[in-house]
Amino acid sequence: MTDHRAPLDPVSAAIVDSGIVAILRAPTAGGFAAIADVLVSAGITALEVTLTSRGALDALSGLRRQLPAGTVIGAGTVLTPDDAKAAVDAGAAFLVSPVLDTLAGQSVPCYPGAYTPTEVYSAHRAGAPLVKLFPAGGLRPAYLKDLRGPLPQVRILPTGGIDLDDISDWLSAGAAAVGLGSPLIGDAATGGSLKSLAARAKHAVDAVTFARS
């Protein structure tokens, strides 16, 4: 089938290649460096640091220095122009919002949140290279499949409430990639086992490989 979608910028293309955006959210960002090492070692190379985590901007800046080339690190829960500027100044390569806000005029790709067909299409029309379908947990992959029928040109990133065992179903339904928070990170950001995190990350990466094979 011919793909009529516009070419992606390098950052968005890297996210699609990864298949997973790991969402780092915790009361404090102190554990994010160790978590990021585990995720990248497992093959998850797109990371989102949420601004609701205390110390998020410092953590984001540190991850940019720490992680290897080819890893893309962005900011999540971006709600205002001030949030966006601070995140970009800290080194964010992309911005994610939970709401339909295009964050116009930014120098990095922006992925607004949407839920309905009208919101998804509005975000796409405004130039979003990826549209965050949020919260996806209350939906099923069949919703995405139905959505992509009339809107095949939109690249969609389902996020929120997606379990590890659901990854392949979402990708098979047409997701460009999936956003994974607590089902992937678990308690690793608050002193939990990094070994268990590594096992969950491998499970997630294997699910992407299976869906795309």
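**Entry 1: helix H2 against helix H9**

I began with the place where two helices touch: Ala34, Ile35, Val38, Leu39 and Ala42 in H2 meet Leu194, Leu197, Ala198, Ala201, Lys202 and Val205 in H9. A reminder to myself: this is a predicted model. I then looked up the geometry of the pair. Two packed helices are described by the angle between their axes and the distance between those axes. For H2 and H9 (residues 194-212), the axes cross at roughly 35° and come within 9 Å. I also noted the hand of this crossing, which is right-handed.

**Entry 2: helix H2 against helix H3**

Next I stayed with H2 and turned to H3. Which residues meet here? On the H2 side I found Phe32, Ala33, Ala36 and Asp37, and on the H3 side Ala59, Leu63 and Gln66. The axes of H2 and H3 are 10 Å apart, and the packing angle is about 40°. Are the two helices parallel or oblique to each other? Angles under 35 degrees would count as roughly parallel. H2 and H3 are therefore oblique to each other. I wrote down the hand here too: H2 passes H3 in a right-handed crossing.

**Entry 3: strand E2 and its partners**

I moved on to the strands. Strands of a sheet pair through backbone hydrogen bonds, either parallel or antiparallel. I wanted to know how E1 and E2 run, and they turned out to be parallel, joined by three bridges. E1 covers residues 20-24. One partnership I picked out links Ile23 with Glu48 in E2. Following the chain from E1 to E2, I passed through helix H2 (residues 32-42), and this β-α-β crossover is right-handed.

How many bridges join E2 and E3? I found five, and the pairing is parallel. Ala46 stands opposite Val72 in E3. I followed the chain again, from E2 through helix H3 (residues 56-66) to E3, and that β-α-β crossover is right-handed. I added one more pair to my list: Leu47 has Ile73 of E3 as its bridge partner.

**Entry 4: buried or exposed?**

Then I checked how covered E2 is. Five of the five residues of this strand (residues 46-50) are buried, so E2 is largely enclosed by the rest of the structure. I looked at each face in turn: Ala46, Glu48 and Thr50 lie on one side, Leu47 and Val49 on the other, and all are buried.

E3 gave me a mostly covered strand as well, with five of its five residues buried. On one side sit Val72, Gly74 and Gly76, while Ile73 and Ala75 are on the other, and both faces are covered.

**Entry 5: Thr77, a backbone surprise**

Most residues other than glycine have a negative phi, and most peptide bonds are trans. With that in mind, I stopped at Thr77, whose phi is near 55°, a positive value in a residue other than glycine. Where does Thr77 lie? I found it in the loop between strand E3 (72-76) and helix H4 (81-89). Its relative accessibility is 15%, so Thr77 counts as buried, given that the cut-off for buried is under 20%.

**Entry 6: a cis peptide bond**

My other backbone find was the bond that joins Phe134 and Pro135: it is cis, with omega about -10°. Pro135 is found in the loop between strand E7 (131-133) and helix H6 (141-148).

**Entry 7: the E6-E7-E8 sheet**

That loop led me to look up E7 itself. I found it in an open sheet of three strands, in the order E6-E7-E8, with parallel pairing. The edge strands are E6 (113-114) and E8 (156-158), each pairing on one side only. E6 and E7 run parallel and are joined by two bridges. In this sheet I noted that Ala114 stands opposite Leu133 in E7. I also found a helix lying across E6, E7 and E8: this is H5 (residues 117-125), which runs at about 160° to E7.

**Entry 8: Ser168**

Last, I picked a single side chain to look up. Ser168 lies in helix H7 (residues 167-172). Is Ser168 buried or exposed? With a relative accessible area of 14%, Ser168 is buried. I then listed what Ser168 touches, leaving aside its neighbours within four places in sequence: the contacts are Ala207, Phe210 and Ala211.

Technical notes. Residues numbered from 1 in each chain as written. Predicted model: local features only at pLDDT ≥ 70, side-chain atom pairs only at ≥ 80, totals over all residues. Heavy atoms only, no water. Helix = DSSP H or I, 4+ residues; strand = E, 2+ residues; numbered from the N terminus. Buried < 20%, exposed > 50% of the residue type's maximum accessible area, 1.4 Å probe, protein only. Pairing = 2+ DSSP bridges. Right-handed = clockwise from strand over helix to strand, strands pointing away. Contact = heavy atoms within 4.5 Å. Axes fitted to C-alpha atoms, helices over the stretch in contact; angles between N-to-C directions. Parallel < 35°, antiparallel > 145°, perpendicular 65-115°, else oblique. Left-handed = near helix turned anticlockwise from the far one by under 90°.
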